[in-house]
Structure formats: structure tokens, C-alpha cells
Amino acid sequence: MSGTDPEETVESVCPCCSVGCRVRYSDRRDGAVGCDGAPVNEEGRLCRNGIDAFDGLNADDRLTDPLVREGGTLVSATWEEAFDRIEAEFETVLDDRGPDALAFFGAPRCTNEENYLLQKLARVLGTNNVDNRARICHGSVVSAMVERLGSPGMTNTLSDLTEADLFLVVGANPAAQQPIAFNSYLRPAVNDGATLIHVEPDANETTRLADAHVAPTPGTDALFVNAVTAELLGRGLQDEAFIAERTTNFESFAESLASLSPDECAERTGVDAERIRHIAERFGRADRAAVLVGTGAEEDDHEGTETADALIDLLLVTGNIGRRGTGMNPLRGLTNEQGANDVGCRPSTLPGFRPVTDADARSAVAEEWGAAPPLRPGRSELDAVRAFGDAIRGAYVVGENPAVSKRATQSVARSLESLDFLLVQEAFPTETAEHADVVLPASLWAEKGGTVTNLDRQVQRMRPMTAPPEGVRRDLDILLEIGRRLTDVRFDYDDREEVFDELTRVNPLYAGMSYEGIGHESQRWPLPDDAEEGTGILHEERFRTGERRTAFVPVEAVPTRVSAHRD
Ligand code: SF4
């Protein structure tokens, strides 16, 4: 084994998607293999991407020296020189323009500890301008779920979803994008008789297993779902007991749907009226129906919540929340998409999805950090990029490549150029790094440890399987050094476990978790006091808002919007 070959016995978490399969390196296979009895891929299966997860670890284009821009050119520097430059440049921006002239971008490929430290750095310096690109991936759905159910993750678990009689999959392609979850949990249920209805503009791998495929005209997903709910109510298939005990505002909601007929909706959505009637009948008669929702259900502005609200209403009308095999289940895509958001890498929420204006959350954070976070919500990544060179003068980008991940590539490149100071922390040369003033060579997933949170709320530990190449530092160590240089608060931790411990004290979702408790298994949020394991099915007796009931949202004039691009 060479110095950077991974160790065969150490287990980590696959870095390729949010399912969170456990992997280890197999010398015999010269690649990844799964681990029997793992929390998600219990049978040790991996998909093609997972099997190839170690490819690139020994790639010869790794960044191995810090780079500093001198006279317009990026040249090699020592770590000390790079850190000195970072310290001086950040302080210049802070002195000249104040903290809101800085922006911080975390990443779903970074661990919970790394994203937590990045948002702590931003907030201690005095700005909420901190974001990660995965925040908008399910922005509409998460926003509706937080508002109405009080929780930003899957209401259920992959394992209990096997008990569903019906899956309504909207704007997602789990057969290709979450393949081990699809093949281990959904496919067996469908093979055993569960119905799969796929709502998606174009047929794809998931459609092959579907009993019905519908493709509403772009922008009419909410109308289609409301038409199904209206038809279901017309057939008397609602769950009267659930509506009476767990909801409010049903009468005005039902009234708002009264004029929706399948024939009229067929004209507007392009979905055959008979198909709408058939789906309403199947959904209404299912004992357990689950919604799985992907980025295709997002509104184009990621702010409107019509489709998400319509899906939640459908679940409430039929009593499909708070039981096994039911619920509203966002299919997160990127590795630590859930965790990056949970730990506060968002401009308007502190760790635990608590608003930056929430007095309790603010005082908990202030007590732990010794510094109060700023009160005013920050800029989103998109807003910050638009303000580069204007209101935003300096940026710290960790594991992100906004030069290609935003749609208007050329204008983003111009924006990056217009910054007074751009710091990029990356493992490989990227388009964004080309515009940087300082580039720090960072570690890859197999070279570092920490925790990541998968799509069904399980926090697992990644373990370093190999040392970073000579010259490269681990992301956490880089963040700690920058935090120590720029702030007066705690950025001295003995190890990543101490960072995680601090995170559990300021993030109620992760309260009670520990490295020891996670061990080689996982801990799922929320983890109630004294419970041996986290809560699988949310909202059983009460919603996470603390209330026993949640309100229906009357449909004013059933909207027609342009939906986001499916990906
Ligand atoms: Fe990795 Fe996702 Fe495939 Fe599992 S399903 S092996 S986490 S890419």
C-alpha cells in the first residue's frame, strides 16, 4: 500500500449521495465495498457511484500547495504566508466595509463539523451571510414543512416506508439518484404489491417500476395534486377522525377546492381526467400512502410553496402523517445536504433551523460562543454572488464552485473577479479557484473524519481512511486556524469530537448525540432525553411545532406557476 492508499479495515460513509451507505476499501477489489449490517445499506450493497468512490483519491491534479495571488498570478506559498494574507485581507474588508461585506459558502460535501465552524466564523465576525448551495435544492418543500409541521426532514424513515401501500413520487428519480434507497426499500415494497405513482415531466428509471406516470404541464403540479384531493373529497375518501383530531381550517379548505373538477383540471394540467379520478381513488383507499418529493417539485423561485402545501394537504386529508409507511419525505440528493442545513449554514437560521431572530436560540448560541449572532438575516448565496464587487467585497468559499454551479457562468466569473478578496478551499483546481486571491489545498472525504447526516436524519461518523497528500491539510484544521486568527472566541478544540459536542449543545435537533453514542451505527434526530434511539416516525401525537393540530391552507385561486428544472 502506498502512503495515500486507504486502509482496508476502516469504514466511512459514501460521499456520492445523501443515502449515506457505509463503505470500506477493499484491497482485493481495489475499490469500495459495502459493510454488512450498516445503518442504511444493511446488506452491504453499493451502487456504481459508490463502488467508484475511491477513484480520484490519488489523482495527480490535486492541489498540494497553498496558492497566493502575486502580481495577477497565483504562486505557491507556505501555509504561514497564506494564513497571514487571509488574516490581513479579511481585516481590511472588516475595517473598511464591516462584516456584512463578507460572504461565506459552505458545502453539502463538507462534514457537519466543518459547516458548523464556517457558520460560527461568519456569525462571530458579525454577519449572517452564510449559505450552502443545497439550501435551495428543497427550499420550497422544507419551508412548507417547517412552517406547517415544524420539522425540516423526512417525516418517516426509509425502513418504515417499506410498509406503504402507495408511493406518490413527485419530481424525483430515486431509481437513479438514490439507487440503494430505491432498490432496498421502495422496489421490494412495489414488488410486494404497493402502488407507485410517478409525477414527472419525462419518463425515467423510476417510471419503469411505476403503475402510473403523469406529467402535468410545467407549473401545474400544485393544481394536479389539489385536483386529486378535491376528487378524493368528492368520493368521501377523507379520514374524518384524523381531520377532526389533528387539523384545523378543514371547512374553508374543502370549500376552496369545491369548484375543482377533474375535467377542468385536465384541461389546465394536461393530465387525463380519468387518470386524476383513478389516482384519487387509489390514494384515498390506500391504508398507508407516502409522498416522496424531489427537486422537481420546487417552485422556480424556491420561495413559493404551492406544490409542497398541496402535497401536505393531501396527506392531512387522508390521515397519512404520523404512521409507519406514510408521510412527507424529501429525497435529499447531495451527501451531507441535510446536515449542512441542520448545523446552520443558512442565512436566516441558526443551528437547528431556528430563526436568527429567535431569542432562545440566540441566547443559547451567545452563551456557548461568548458572542451574540447578528440579528438581521443574511444574504442567500445567490444574492451574495449578485452583490459581489458591490455590497460584498470578500468571500470564503469552502468546497463549492459557484463559477460553474450557477446558471449565468460568465457573469458569475465577472462577479468573482470584482471581489477585493476571494479565499477558496478546494482539493482540485476549479473555475472558481482561478479567480481566487488565496487557494488552500483541502482534503478529500476519505482523508478526513467527522459526521454527516443522511436523508432520513441519521447522523453517521466518517473516519479517516488515509492521510492527505503531503502539503494538504484537513478542512477542519484550516477552519480552526482561520477562526483562531480572526476571532477572539473558541476555535481551539482538541479534536473534531469536541466540535461535535459543542454543536449538540446549540442545535436542539442533535441534542443528546455523541461520537460514542453513534459509534459504528448512527443516531437519528430527534433523540429524546433518555431514549435509546432517535424518533423514526415524526408527528405521531403532536407535530414538531409543539401543537397537536396543524392548519389546512385554503387554495385561493389554484395557482399555475413555472416549476423549477428537474435534475
Ligand atoms: Fe453511495 Fe448513494 Fe450509491 Fe449509496 S446510493 S452507494 S450513498 S451513491
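Trainee: What makes D84 and R485 a salt bridge?

Mentor: This is a predicted model, so we go by its atoms. The closest N and O atoms of D84 and R485 are 2.8 Å apart. The rule asks for a side-chain nitrogen of Lys or Arg within 4 Å of a carboxyl oxygen of Asp or Glu. An Arg and an Asp at 2.8 Å fit that, so the pair is called a salt bridge.

Trainee: Which parts of the chain does that pair tie together?

Mentor: D84 is in helix α2 (residues 79–97) and R485 is in helix α18 (residues 475–486), so the bridge ties together parts that are 401 residues apart in sequence.

Trainee: How do you know whether D84 and R485 are buried or exposed?

Mentor: Look at the relative accessible area. Under 20% is buried, over 50% is exposed, and in between is partly exposed. R485 has 18%, so R485 is buried. D84 has 38%, so D84 counts as partly exposed.

Trainee: Which residues are linked with them in a network?

Mentor: The network of salt bridges links E80, D84, E87, E481, R484, R485 and D492. By the same 4 Å rule, the model has 36 salt bridges.

Trainee: What makes R135 and D131 one of these pairs?

Mentor: Their side chains meet at 2.6 Å, N to O. The limit is 4 Å, so the pair qualifies. D131 has a relative accessible area of 2%, so D131 is buried.

Trainee: And why do D383 and R386 count as a salt bridge?

Mentor: For them the N to O distance is 3.3 Å, and that is within 4 Å, so the name applies. D383 and R386 are three residues apart in helix α15 (residues 381–386), so about one helical turn separates them.

Trainee: Why is R386 called exposed, but D383 partly exposed?

Mentor: R386 has 61%, which is over 50%, so R386 is exposed. D383 has 34%, which falls between the two cut-offs, so D383 is partly exposed.

Trainee: Now the strands. What makes β19 covered on both faces?

Mentor: In a regular strand, side chains alternate between the two faces of the sheet. In β19 (residues 450–453), G450 and V452 are on one side, with T451 and T453 on the other, and all of them are buried.

Trainee: How do you know that β19 and β20 pair?

Mentor: Pairing needs at least two bridges. β19 and β20 (residues 458–462) have four, in the antiparallel sense, so they pair. Among the partners, G450 goes with M462, and T453 stands opposite V459.

Trainee: Why are β19 and β21 called edge strands?

Mentor: The open sheet has three strands in the order β19-β20-β21, with antiparallel pairing. β19 and β21 (523–524) each have a single partner strand, so one side of each is left without a neighbour in the sheet.

Trainee: What makes R457 stand out?

Mentor: Most residues other than glycine have a negative phi. R457 has a positive phi of about 70° although it is not a glycine. R457 sits in the hairpin of β19 and β20, which has four residues between the strands. R457 has 0% relative accessibility, so R457 counts as buried.

Trainee: Which phi does D530 have, and is D530 buried or exposed?

Mentor: D530 has a positive phi of about 65°, and it is not a glycine either. The place of D530 is the loop between β21 and β22. At 84%, which is over 50%, D530 is exposed.

Trainee: Which peptide bond is cis, and where is its proline?

Mentor: The bond joining W525 and P526 is cis, with omega about -5°. P526 is in the loop between β21 and β22 (550–551). For background, most peptide bonds are trans.

Trainee: Last one: why is the patch of E8, D27, D30 and D55 called negative?

Mentor: Asp and Glu count as negative, so a surface patch formed by E8, D27, D30 and D55 gets that name. Patch members need over 30% relative accessible area. D30 has 57%, so D30 passes that cut-off and is also exposed. D30 is found in the loop between β2 (22–26) and β3 (31–34).

Methods. Residues are numbered from 1 along each chain as its sequence is written. This is a predicted model: local features need pLDDT of at least 70, side-chain atom pairs count only at pLDDT 80 or more; totals for chains, interfaces and linings use all residues. Side-chain values use heavy atoms; hydrogens and water are left out. Patches are made of residues with over 30% relative accessible area and no salt bridge: like charges are joined within 9 Å, nonpolar side chains (Val, Leu, Ile, Met, Phe, Trp, Tyr) within 5 Å. Accessible areas come from the Shrake-Rupley method with a 1.4 Å probe; for residues, only the protein chains shown count as cover. The place of a charge is taken as NZ of Lys, CZ of Arg, CG of Asp or CD of Glu. Helices (H or I, at least four residues) and strands (E, at least two) are DSSP runs, numbered from the N terminus. Buried means under 20% relative accessible area, exposed over 50%, partly exposed in between (1.4 Å probe, protein chains only).
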